[in-house]
Amino acid sequence: MKVRLFEIFTSVEGEGILYGTKTLFVRLAGCPFTCFYCDTKESLPLDSGTEYTIENANQLIDSNLKEQTYKVNFTGGDPLIQHQAVALLAKHIQEKKIPTYLESSCFDIDRFNHVLPFIDIIKIEFKTKDSNFVDSNHYEKFIDHTLKCLESSVKSKKTTFIKIVVSSKTKPNEFQELTNQIFTLISKNNIDGFIIQPSYGVSEPSLDLLLELYDIVYPHYIDVKVVPQLHKFIGAP
Ligand code: SF4
C-alpha cells in the first residue's frame, strides 16, 4: 500500500483542548471539500505531496519524531481520504506508546470506524452550513456521518472533543440547530471539550457573534470555550 504525505513537521499544537503541546504533524494529501476558510489549500489535491510506501512513511515518521513529543496528529487535507494508510501509520505510532490524534471532518462513518482502533484522541470537526464544505443539498448527509462518527467515538470511550469553526457568515439559528443535533445524541459527560474556533484572516466573526454562539452551547455544556488558532500568533505552521 502507498500513502501520499504532504508534509511532516514538529510544532506547537495551536487548536483544541491540547493546545500548547509539542506535536508531530503528519499532513496527508487530499481533501475533496471546499471550506472557504481552509488554511491548507495546497494539500487539497489528491496528487499533492509525495507518495511513499507505508514502510518508507513509517521510517520518515521515525526520523522526524523528536524526544518528548506529546502526541502525533494525523491531519490534512482530510486524513480519512487515505483511511487505510492512516490506520497502518497510527498503529506504528501506538506501538511506540505515543498517543495518536485524528483531526477530521469525519465525513464517512465506515472510514472512521476503520481508523478508530488506532487513534487515542479524536477531534470531531462539525462544519457549519456557511463553511461551503459541500453544497447545501449534500450538507445534511455529511452532518449525519459526522454525528455517527461522534457517537462511535464516544461509545469506544476515546478522548473525544468537538470543534466548530465559525465566521462572520455563521447564522446563530443554524448553529443552534447543529448544537441541538449534537446534544440530542450525546450528553455533556460523553465529551472532553467543545471548542468554538473563530476563522482567521477571512470573514472573522465579531466578539458579539462569538458570545452569542457561546451562549447557545453553554446550556448544554458549560465548559465550552472560544479558542482561536494559537499557533498563528507565534508564526508556527
Ligand atoms: S475539510 Fe479541512 S482540509 Fe478540507 S477544505 Fe475543509 S478545512 Fe480544508
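Which residues have the most contacts inside the largest nonpolar core? They are Val26, Leu28, Leu89 and Ile162, in a core of 51 residues. A nonpolar core is here a set of buried Ala, Val, Leu, Ile, Met, Phe, Trp, Tyr and Cys residues joined through C-beta atoms within 7 Å. A residue is buried if 20 or more other C-beta atoms lie within 10 Å of its own, exposed if 12 or fewer, and partly exposed in between, with C-beta atoms placed from the backbone.

The structure is a predicted model, in which local features need pLDDT of at least 70 and side-chain atom pairs count only at pLDDT 80 or more, while totals for chains, interfaces and linings use all residues. Residues are numbered from 1 along each chain as its sequence is written.

## The core and helix H2

Helix H2 (residues 83-94) gives the most to the largest nonpolar core, with 5 residues. Helices (H or I, at least four residues) and strands (E, at least two) are DSSP runs, numbered from the N terminus. In soluble globular proteins, nonpolar side chains tend to be buried together.

The buried residues of H2 are His83, Ala85, Val86, Leu89, Ala90 and Ile93. Seen down the helix axis, they fall within an arc of 150 degrees, so they line one face of H2; the arc is that of the directions from the helix axis to the C-beta atoms. An α-helix has 3.6 residues a turn, so residues three or four places apart point the same way. The cover over the buried residues of H2 includes strand S1 (2-12), strand S2 (22-28), helix H1 (54-64), strand S4 (71-75), strand S5 (100-104) and helix H3 (109-115).

Leucine 28 shows the surroundings of one core residue. Apart from neighbours within four places in sequence, leucine 28 is in contact with Arg4, Leu5, Phe6, Phe74, Gly76, Gly77, Pro79, Ile81, Gln82 and Val86. Two residues are in contact if their C-beta atoms, placed from the backbone, lie within 7 Å.

## Helix H5

The buried residues of helix H5 (residues 172-185) are Phe175, Leu178, Thr179 and Ile182. They cover an arc of only 100 degrees around the axis, which puts them on the same side of H5. Asn173, Asn180 and Thr184, on the other side of H5, are exposed. The packing partners of the buried residues of H5 are strand S6 (121-126), helix H4 (136-155), strand S7 (159-166) and H6.

For H2 and H5, the table compares the span expected at 1.5 Å a residue with the distance between the end C-alpha atoms. The expected span is 1.5 Å times one less than the number of residues.

| Helix | Residues | Expected span | End C-alpha distance |
|---|---|---|---|
| H2 | 12 residues | 16 Å | 16 Å |
| H5 | 14 residues | 20 Å | 20 Å |

## The ligand and its surroundings

The ligand is surrounded by Cys31, Phe33, Thr34, Cys35, Cys38, Thr40, Gly76, Gly77, Asp78, Ser105 and Phe133. A residue is near a molecule if its C-beta atom, placed from the backbone, lies within 6 Å of it. This shell divides into 5 nonpolar, 5 polar and 1 charged; Ala, Val, Leu, Ile, Met, Phe, Trp, Tyr, Cys and Pro count as nonpolar, Asp, Glu, Lys and Arg as charged, and the others, Gly among them, as polar.

Phenylalanine 33 lies in the loop between S2 and strand S3 (50-53). Phenylalanine 33 is partly exposed, with 18 other C-beta atoms within 10 Å. Leaving aside neighbours within four places in sequence, its contacts are Asp78, Ser105, Phe133 and Val134. The C-alpha atoms of phenylalanine 33 and valine 134 are separated by 6.2 Å, although these residues are 101 residues apart along the chain.

Glycine 76 and glycine 77 are joined by a cis peptide bond, with omega about 20 degrees. Glycine 77 is in the loop between S4 and H2.

## Backbone exceptions in loops

Most residues other than glycine have a negative phi, and most peptide bonds are trans. Lysine 97, in the loop between H2 and S5, has a positive phi of about 65 degrees. With 6 C-beta neighbours inside 10 Å, lysine 97 counts as exposed. Serine 203 also has a positive phi, near 45 degrees, and is found in the loop between strand S8 (194-198) and helix H6 (207-217). Serine 203 is partly exposed, with 15 other C-beta atoms within 10 Å.
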